[in-house]
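Work through the three exercises below with the structure open beside you, and try each task before you read its solution.

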Amino acid sequence: MNYTAEDEKLIESKWADLMESCKKICKKEEDWTFIKRAFFLAKEAHQGVRRRSGEPYLLHPIAVAKIVVDEIGLGVKSVVASLLHDVVEDTDYTVEDIEHIFGHKIATMVDGLTKMSGVFNADTSLQAEYFRKVLLTLSDDVRVILIKIADRLHNMRTLGSMPQNKQIKITSETIYLFAPLAYRLGLYAIKTELEDLCMKYRFPKEYEEITRQINETSAAREEYIRKFCAPISAALDRNGIKYEISGRVKSVYSIWTKMMRKQIPFSEIYDLFAIRIVFQPLEFPSEKTQCWQIYSSITDIYTPKPDRLRDWISIPKANGYEALHSTVMGPDGIWVEVQIRTQRMEEIAERGFAAHWKYKHATISHDEDEFDKWLKKIRAALDSPTENAVDFLDNFKLSLYTSEVAVFTPKGEARRLPYGATALDFAYDVHTKIGNTAIGAKINHKIMPLTTQLNTGDQVEIITSDSAKPKAEWLEFVLTSKAKQAIKSYLKREQEHNIQRGMKLLDEKLAELNITPNGRVIRKLIAAYDSSNKEELYTKIGAGIISLDNLEKVVKSNAKNKLLKFWTLFIKDNEEDADDDTDTAQEPKDGDAPQQAQEAPTFVIADCCKPIPGDSVVGFKDPITHQIIVHKASCDELNRLASQHGECIMKEEIQWSQCKKLSPLSKIEILGIDRMGLLLDLANVVTNDFSINMREVNIQSHDGIFEGTMSLYVRDAESLNALLERLRRIKGMETVKRVIN
């Protein structure tokens, strides 16, 4: 079916917009011809096809190409690849056809952008495998990832036409992977928009409410910004600096996450905006010196907060971000963040990777910077084999940390690690062998355990021993993907070695006793040595946990009663399972009811977020147990699961109506100024005003301050929120918030 005249008019309009944007990248006639050929092929390939919204499909690749030019700043080849990015996936054209028409490079980029096809192992997430292939393109051409982010951005902008379960899947993928990836590639503006769009579709009421409150306070905020900036502008003018100064409001998503994290209302968010100064630097002195000179001018006017100074000029962020941030005390006793950067730094901050490379190649120096180092690490991680796509995706996610610490080797080499990293993370960052043999660390010349969390400025030396080796518990206190992968790889090799060694030792011992190692003997040994399967049995033998000195006694002993008891329990358990299935099943009607309709679904409350009746929740059907796990809609673990197993998100909305009579346990945290009668007031509000049972109260007082927790049986989220609001009105109460594990 061909497009209508109105469709053709719309396509021509969007195509004209794209051509206007391409004026800044097309330097010769061949560039225009190259892009036009891609457009006409895409138009022919997608002829008559429509998106779920009903608009012509061709508008999507045109929009992606425009984002690539205007918002990321890529060139002609990236525009061509953007226009063709869905041709191979959705039409009869092949990668070979693209190579024949447009050349090897474009074909490679289009192939990298083409979604997964084929069959994977049943225990592997197709979603994770798809992301794995997408991320592997980092090893070849970073532009492919940038185009993929542009593709995701346009899909998010048009997400309203998708059903709710698809929205949850796509927003979870976006918030879990694409937004952090955009940030890591320096695309701050795109990262912010992706987060805001995720919130808009997942939590529309909260999004609209925060947007309304931002708009309502805009007049007063703009007046304050003018008042704050006036003396700074006068000082910069006196110094002859060419600059732009503006106030930037925080994103809706960042405001919401702060409200959620601190459990405070919008009215208590005081850092709604930041002042940004972007200036045109002189040839001399250096950009760094000029930034500090502007900082000095500002702190002559307003008093700075020393612990809020952030120098990302001396040590830029790993995504290339450079700026000088300071928080100063403004008029009316309000702390205000000021960001100082040059025009070059501003473009890198907004355009990310593309601007980073433009400026890097415009200079003589091609030294490896922090972004290059990160990219090298990612490529090494992507090239290393992994047996599980879900683990692969989780490990990659760890490399997209946004908060960092800069620590130093004994020789003064700076290394970047995620905030919260330990000395053991540092050891593996230096070299896998050092991590595997680490026994301790010297942090700032003091001996400390490997579990010590590192802070910016720490100088770290790792103490090693040839006899040391990784332990399974190490996985609990490392944060970086490199450390986790190295430890898991070692433990896996160790387990395989122990299994082989255990099999050999057991076979030799059984041979000495003239006993044939058959299935009956192995089952008896599994039960006798408290193992769940033969692999665990062999592993314990190989590791020396099980001694075979009493093997003859174990094998030849009359364990009839023990085995009889074991099999009796086994049969009983299976009969009870069968009875349970019978009880929950419904009789088929007319013999043709589908199997899934015969069994009532099993709902399980997620331990990670512990939703209570009234909370906004989403159901996730576990692909192994088939239970429906009920998560809070804002749960981070739900985002992780939905980004890997989006097909398991329940299409139907989960209702709490059947759970209204329950009183689930909730925990709240309180903090305030101590006084006589406080505990009595707390008890009166909880028991008398709200008739809520308390399971546990734990409150300590010291130096006039009290803090503690209360475990309460509440009916639903509405009752809990009303209680929290009432507790906040108690005299002396400073903080009251729900604890979510």
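**Exercise 1.** In this predicted model, decide whether Phe 477 is buried, partly exposed or exposed, and then describe its surroundings.

*Solution.* Begin with the relative accessibility of Phe 477, which is 21%. Buried would require a value under 20% and exposed a value over 50%, with partly exposed in between, and therefore Phe 477 counts as partly exposed. Next, find its place in the chain, which is the loop between S11 and helix H22 (481-512). Finally, look for its contacts: leaving aside residues up to four places away in sequence, Phe 477 touches Thr 422, Leu 424, Asp 425, Leu 450 and Thr 451. Leu 450 is 27 residues apart from Phe 477 along the chain, and their C-alpha atoms are separated by 8.9 Å.

**Exercise 2.** Determine how helix H11 (residues 188-202) and helix H12 (residues 204-216) are oriented to each other.

*Solution.* Two packed helices are described by the angle between their axes and the distance between the axes. For H11 and H12 the angle is about 120° and the axes are 5 Å apart. An angle of 65 to 115 degrees would count as roughly perpendicular and one over 145 as roughly antiparallel, so H11 and H12 are oblique to each other. The contact of H11 with H12 is formed by 5 nonpolar, no polar and 4 charged residues.

**Exercise 3.** Work out the strand order of the open sheet of 3 strands.

*Solution.* The order is S10-S9-S11, with antiparallel pairing. Strand S10 (446-448) and strand S11 (460-464) are the edge strands, each pairing on one side only. Strand S9 (residues 438-443) pairs with S10 over 3 bridges, and Ala 441 has Met 448 in S10 as its bridge partner.

Terms used. Residues are numbered from 1 along each chain as its sequence is written. This is a predicted model: local features need pLDDT of at least 70, side-chain atom pairs count only at pLDDT 80 or more; totals for chains, interfaces and linings use all residues. Side-chain values use heavy atoms; hydrogens and water are left out. Two strands pair if DSSP finds at least two bridges between them. Helices (H or I, at least four residues) and strands (E, at least two) are DSSP runs, numbered from the N terminus. Buried means under 20% relative accessible area, exposed over 50%, partly exposed in between (1.4 Å probe, protein chains only). Contact means heavy atoms within 4.5 Å. Axes are lines fitted to C-alpha atoms, for helices over the stretch in contact, and angles run from 0 to 180 degrees between N-to-C directions. Angles under 35 degrees count as roughly parallel, over 145 as roughly antiparallel, 65 to 115 as roughly perpendicular and the rest as oblique. Ala, Val, Leu, Ile, Met, Phe, Trp, Tyr, Cys and Pro count as nonpolar, Asp, Glu, Lys and Arg as charged, and the others, Gly among them, as polar.
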